[in-house]
Amino acid sequence: MNQESASLHVQVWRGGEEGGYQEYTVPRRENQTVLDVVTWIQRNEDPGLSYRYACRVGMCGSCAMQVNGIARWTCRTHVSNVVRNDTLQLAPLSNLPVVKDLVVDMDVFFEKIQKAKGNFTGTRTRYEEVARVLPDSPQRQLADAGIECIGCGVCYSSCDVVTWRFEYLGPAALNRAWTLVCDERDVDNDARLEAVSGDAGCHSCHSQGACTLRCPKLISPTAGIAGLKRLAARAALRGDKGGAE
Amino acid sequence: MMAADRRQARQGARRWYWQRLSGALMLIFILVHLIVILLAASRGFTAADVLARTQASVVWAGFYGLFVVLACSHAAIGLRNVLVESGCAARLAAPLSNVIGLVLLLMGWRAVWAVTFGVGA
């Protein structure tokens, strides 16, 4: 640890949609994460502070919040990498309704994954042989690139298109749809490509890449969305020729 | 998904496709247009030179006529997107951008007609 000052000035959002920042002084520790800081405040200063976490090791996706204005997973974010002038400002994720303090209502985020047909639709039952998908097949490689999403909402919170167009499905839902489009076992892709098209879907993405820049799992939703744009447009043009409107 | 939603989704996907295609094709047209201008300008650039090249030339009329179609369709789709993202209802943005696209098309074709078949003022 660099020899910074012995304490951190931490501003934490308190309240719901309406509220304000409350200041705390938190002792610095070696290898301290932002989640450690929030936990210290709740245990030592303010038991009423609400926040979410579960695994603490970057698997569950529940501890995301804005740190100095940027959405991050806090359990794997070291204070030393994000602190500015010994100060941290912590706020709930943007683009989602605030429940209380650092907790947001994730309903709409998960509902949009459903709207994008983010559920696997196969044909085999548990009594049939498991489908064989070769790990090095091109489709599997494409799916692999996006499959490690933990649903933390960092991309959704970072997306400007979600901010100015609330109905937009968002990077996580579209990335989920893309991994299923690339899943050769799935049989519902015509409906999925329709579900992700149009004003609320992939074609509204501006390819600004904030989701890709911020994703803690280093996924590129931007690339998946570009793939969806191409396939959905081809499918729509095929629909023209077949007259299947 | 309702039938109307499905139709809108497909229309959105097609709009995206045609805007990309028109944009890509316009690159070729813009390149030809710029090269011709550069060559023409290097020999002295007058209105008489331009008209001498374009008048009664079906090839140039076809070239710029198609260029105008590409530019207008590209602009109309883009304008609709800008309007919708600015908060305009889609059912209002679509006819509005179509009308503006059509006006641009007629103005562009009128200009092409003038330099091809028009008589001097």
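Helices (H or I, at least four residues) and strands (E, at least two) are DSSP runs, numbered from the N terminus. The model on screen is predicted.

**Chain A, whole**

Select chain A. Ten helices and seven strands make up its secondary structure. The C-alpha trace spans about 70 × 40 × 30 Å along its principal axes. Chain A has 245 residues, and 47% of them count as buried. Among contacts in chain A with a separation of 6 or more, 63% are between residues 24 or more positions apart.

**A:S207 and A:D101, two loop residues**

Go to A:S207, in the loop that runs between helix 8 (189–195) and helix 9 (210–214) of chain A. Its phi is near 55°, a positive value in a residue other than glycine. Most residues other than glycine have a negative phi. A:S207 counts as partly exposed because its relative accessibility is 44%, and the partly exposed class lies between the 20% and 50% cut-offs.

Next select A:D101. This residue sits in the loop between strand 6 (98–100) and strand 7 (103–104) of chain A. Phi is positive here as well, near 50°, and A:D101 is likewise not glycine. Is A:D101 buried or exposed? With a relative accessibility of 1%, A:D101 counts as buried.

**Helix 7 of chain A and its partner**

Select residues 171–181 of chain A, which form helix 7. Ten of its eleven residues are buried, so helix 7 is largely enclosed by the rest of the structure. The buried residues are A:P171, A:A172, A:A173, A:L174, A:N175, A:A177, A:W178, A:T179, A:L180 and A:V181.

Add helix 4 of chain A, residues 138–146. The axes of helix 4 and helix 7 of chain A come within 8 Å and cross at roughly 160°. Angles over 145 degrees count as roughly antiparallel, and helix 4 and helix 7 of chain A are therefore roughly antiparallel to each other. The crossing of helix 4 of chain A past helix 7 of chain A is left-handed.

Which residues make the contact? To show it, select these two groups:

- from helix 4 of chain A: A:Q139, A:L142, A:A143 and A:G146;
- from helix 7 of chain A: A:N175, A:W178, A:T179 and A:V181.

Coloured by class, this contact of helix 4 with helix 7 of chain A shows four nonpolar, four polar and no charged residues.

**A:I225 in helix 10**

Move to A:I225, within helix 10 (residues 221–242) of chain A. A:I225 counts as buried, at 1% relative accessibility. Not counting residues up to four places away in sequence, A:I225 touches A:Y168, A:P171, A:L174, A:C202 and A:C205. Two of these names, A:P171 and A:L174, also appear among the buried residues of helix 7 of chain A. For a distance check, pick the C-alpha atoms of A:I225 and A:S204: they are 9.8 Å apart in space, and the residues are 21 apart in sequence.

**A:S157 in helix 5**

Select A:S157, part of helix 5 (residues 154–158) of chain A. At 7% relative accessibility, A:S157 counts as buried. Its contacts, leaving aside neighbours within four places in sequence, are A:A71, A:L93, A:S94 and A:N95.

**Chain B: helices 3 and 4**

Switch to chain B and select helix 3 (residues 58–85) and helix 4 (residues 90–117). The axes of these two helices of chain B come within 8 Å and cross at roughly 160°. That makes helix 3 of chain B roughly antiparallel to helix 4 of chain B. Helix 3 of chain B passes helix 4 of chain B in a right-handed crossing. The residues of this contact between helix 3 and helix 4 of chain B divide into 19 nonpolar, five polar and one charged.

Within helix 4 of chain B, pick B:T116. B:T116 is buried, with a relative accessible area of 3%. Where does its side chain reach? The side chain of B:T116 reaches the backbone oxygen of B:V112 at 2.6 Å. Beyond residues up to four places away in sequence, B:T116 touches B:T54, B:Q55, B:A56, B:S57 and B:A61.

**Last stop: B:F45**

Select B:F45, in the loop between helix 1 (3–42) and helix 2 (47–54) of chain B. B:F45 has 49% relative accessibility and counts as partly exposed, since exposed means over 50%. B:F45 touches B:A40 and B:V50, again not counting residues up to four places away in sequence.

Technical notes. Residues are numbered from 1 along each chain as its sequence is written. Chains are lettered from A and ligands numbered from 1 in the order in which they are written. This is a predicted model: local features need pLDDT of at least 70, side-chain atom pairs count only at pLDDT 80 or more; totals for chains, interfaces and linings use all residues. Side-chain values use heavy atoms; hydrogens and water are left out. Buried means under 20% relative accessible area, exposed over 50%, partly exposed in between (1.4 Å probe, protein chains only). Contact means heavy atoms within 4.5 Å. A polar contact is a pair of N or O atoms within 3.5 Å; within protein, one must be able to donate a hydrogen and the other to accept it, and residues adjacent in sequence count only if both atoms are side-chain atoms. Axes are lines fitted to C-alpha atoms, for helices over the stretch in contact, and angles run from 0 to 180 degrees between N-to-C directions. Angles under 35 degrees count as roughly parallel, over 145 as roughly antiparallel, 65 to 115 as roughly perpendicular and the rest as oblique. A crossing is left-handed if the near helix is turned anticlockwise from the far one by less than a right angle, and right-handed if clockwise. Ala, Val, Leu, Ile, Met, Phe, Trp, Tyr, Cys and Pro count as nonpolar, Asp, Glu, Lys and Arg as charged, and the others, Gly among them, as polar.
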